[in-house]
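User: Could you take me through one part of this structure in detail? I am new to this, so please explain the terms as you go.

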Amino acid sequence: MNYDSCNGRIYNIEEGDTLYRLSRRFRIPIRLILEANPYVDVYNLQPGEEICIPGRLETIPVNRDDTFVYVIRDGESIAKILDYFKITPEDFMRNNDLNSVLLKPGETLTIPNGETE
């Protein structure tokens with residue numbers, strides 16, 4: 001693929017990369033990665049493959065529209081939720097204004113949208 005028109009940077013896929021992980025790593029909405037790579041099967045990324053990560057990476061904010069509401073279940077902890085959704089503590093805290101680290105069943109959290117594995 002010709003990436004002369006990539007308005008950002010070329011990234012070499014590594015083992016374990018997913019579209020969601022790349023969006024979190026580069027702090028860019030999944031939608032923009034999809035738009036920048038119309039001919040790449042971004043749902044079946046292969047190590048060594050190259051894709052375009054668009055934009056000036058350090059200045060692209062995560063869009064609040066790229067989130068969903070999650071209802072806490074009995075016995076869940078912040079650590080379990082971070083691990084399950086593969087999100088960083090920074091993304092978690094940016095999207096949630098918690099008064100306590102103790103989660104109560106029935107409370108809601110805002111989770112950055114993406115894939116679970």
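Analyst: Happy to! Let's begin with the outward side of helix α3: the face turned away from its buried side carries A79, K80 and D83, which are exposed. Here exposed means over 50% relative accessible area, buried means under 20%, and partly exposed lies in between (1.4 Å probe, protein chains only). Helices (H or I, at least four residues) and strands (E, at least two) are DSSP runs, numbered from the N terminus.

Before going on, a word on the background: this is a predicted model, in which local features need pLDDT of at least 70 and side-chain atom pairs count only at pLDDT 80 or more, while totals for chains, interfaces and linings use all residues. Residues are numbered from 1 along each chain as its sequence is written, and side-chain values use heavy atoms, with hydrogens and water left out.

Now turn to the other side of α3, which spans residues 78-85: I78, I81, L82 and F85 are buried there. Looking down the axis of α3, you find its buried residues within an arc of 100°, so they line one face of the helix. That arc is taken from the directions from the helix axis to the C-beta atoms.

What do the buried residues of α3 pack against? Their partners are α1 (19-25), β3, α4 (89-95) and β4, where contact means heavy atoms within 4.5 Å. Two of these partners also belong together: strand β3 (residues 67-71) pairs with β4 in the antiparallel sense over five bridges. Two strands pair if DSSP finds at least two bridges between them. One of the bridges joins T67 to P112 in β4. In strand β4 (residues 108-112), four of the five residues are buried, so the strand is largely enclosed by the rest of the structure.

Back at the end of α3, there is an aromatic pair to look at, and the structure holds one. Y84 and F85 form this pair edge-to-face, with 4.8 Å centre to centre and 85° between the planes. Rings of Phe, Tyr and Trp (its six-membered ring) pair if their centres lie within 6.5 Å; planes under 30 degrees apart count as stacked, over 60 as edge-to-face and the rest as tilted. Y84 has 44% relative accessibility, so it counts as partly exposed, whereas F85, at 9%, counts as buried.

Right after α3 comes K86, in the loop between α3 and α4. K86 has a positive phi of about 55° although it is not a glycine. Its relative accessibility is 31%, so K86 counts as partly exposed.
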